[in-house]
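Open the structure in your viewer and keep the selection panel at hand. The stops below say what to select next and what is there.

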Amino acid sequence: GISYIECAILETIRLAGANPTALWREVITPSDIILFNQTIHLPVGTMLWLDRRAANQDPNTFPYPHEFN
């Protein structure tokens, strides 16, 4: 099984990220995303930015997303 310290490390990474900076990625395949009930077309070359502090905060997956658990 997984140890207590390993769980603590994984939860720390979930809340704060392994790297305090954001992730930048470039779209390589034309894609559509739905955001606030609107379809947004992402052509090749579009740069995307992921705010690592906002990632892994979905309450459907993490019932108390802002708590260290």
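The tour goes from the whole chain to single residues.

**The whole chain**

Start with everything selected. This is a predicted model. Colour by confidence: the mean pLDDT is 84, and 87% of the residues reach 70 or more. Confidence is lowest in helix H1, residues 4–16, with a mean of 83. It is highest in strand S3, residues 38–42, at 96.

Switch to a cartoon. One helix and four strands make up the secondary structure. From start to end of the sequence, the pattern reads α-β-β-β-β.

Now show the surface. About 5,900 Å² is exposed, and 61% of that comes from carbon and sulfur atoms. The chain has 69 residues, of which 14% count as buried. Turn to contacts between residues at least 6 apart in sequence: 48% of them join residues at least 24 apart.

**Helix H1**

Select Ile2, Ile5, Ile9, Leu10 and Ile13. Together they make a nonpolar surface patch of about 470 Å². Zoom in on Ile13, which sits in helix H1. Its relative accessible area is 38%, so Ile13 is partly exposed.

Stay on the helix and pick Glu11, also placed in H1. Is Glu11 buried or exposed? Glu11 counts as buried, because its relative accessibility is 11%, under the 20% cut-off. Which residues does Glu11 touch, beyond those up to four places away in sequence? Select Glu67, Phe68 and Asn69 to see these contacts.

**The aromatic pair**

Next, display the aromatic rings. How many aromatic pairs does a search of the whole structure find? The search finds one. Pick Trp24 and Trp49: their ring centres are 6.4 Å apart and their planes meet at 45°, so the pair is tilted. Tilted pairs have planes that are neither under 30 degrees apart nor over 60. The pair links distant parts of the chain. Trp24 is in strand S1, residues 23–26, while Trp49 is in strand S4, residues 47–50. The two are 25 residues apart. Both Trp24 and Trp49 are exposed.

Move on to Asp51, in the segment after S4. Asp51 has a relative accessible area of 32%, so this residue is partly exposed. Measure from its C-alpha to that of Trp24: the separation is 9.2 Å, with the two positions 27 residues apart along the chain.

**Strand S1 at Glu26**

Go back to strand S1 and select Glu26. Where does its accessibility put it? Glu26 is partly exposed, because its relative accessible area is 49%; exposed would need over 50%. Add Gly45, which is 19 residues from Glu26 along the chain. Their C-alpha atoms are separated by 5.6 Å. Leaving out neighbours within four places in sequence, Glu26 contacts Gly45, Thr46 and Met47.

**The loop between S2 and S3**

Select Phe36, in the loop between strand S2 (31–35) and S3. Check the backbone: phi is positive, about 55°, although Phe36 is not a glycine. Phe36 counts as exposed because its relative accessibility is 75%.

Step to Asn37, which lies in the loop between S2 and S3. Asn37 is not a glycine, yet has a positive phi of about 65°. Its relative accessibility is 79%, so Asn37 counts as exposed.

**Strand S3 at Leu42**

The last selection is Leu42, in strand S3. Is Leu42 buried or exposed? Leu42 is buried, because its relative accessible area is 10%, under the 20% cut-off. Show what surrounds it. Setting aside neighbours within four places in sequence, Leu42 is in contact with Val27, Thr29, Pro30, Ser31, Asp32, Ile33 and Leu48. One of these, Ser31, is eleven residues from Leu42 in sequence. From C-alpha to C-alpha, Leu42 and Ser31 are 5.1 Å apart.

Technical notes: Residues are numbered from 1 along each chain as its sequence is written. This is a predicted model: local features need pLDDT of at least 70, side-chain atom pairs count only at pLDDT 80 or more; totals for chains, interfaces and linings use all residues. Side-chain values use heavy atoms; hydrogens and water are left out. pLDDT is the predictor's confidence in each residue, from 0 to 100. Patches are made of residues with over 30% relative accessible area and no salt bridge: like charges are joined within 9 Å, nonpolar side chains (Val, Leu, Ile, Met, Phe, Trp, Tyr) within 5 Å. Accessible areas come from the Shrake-Rupley method with a 1.4 Å probe; for residues, only the protein chains shown count as cover. A salt bridge is a side-chain nitrogen of Lys or Arg within 4 Å of a carboxyl oxygen of Asp or Glu. Buried means under 20% relative accessible area, exposed over 50%, partly exposed in between (1.4 Å probe, protein chains only). Rings of Phe, Tyr and Trp (its six-membered ring) pair if their centres lie within 6.5 Å; planes under 30 degrees apart count as stacked, over 60 as edge-to-face and the rest as tilted. Contact means heavy atoms within 4.5 Å.
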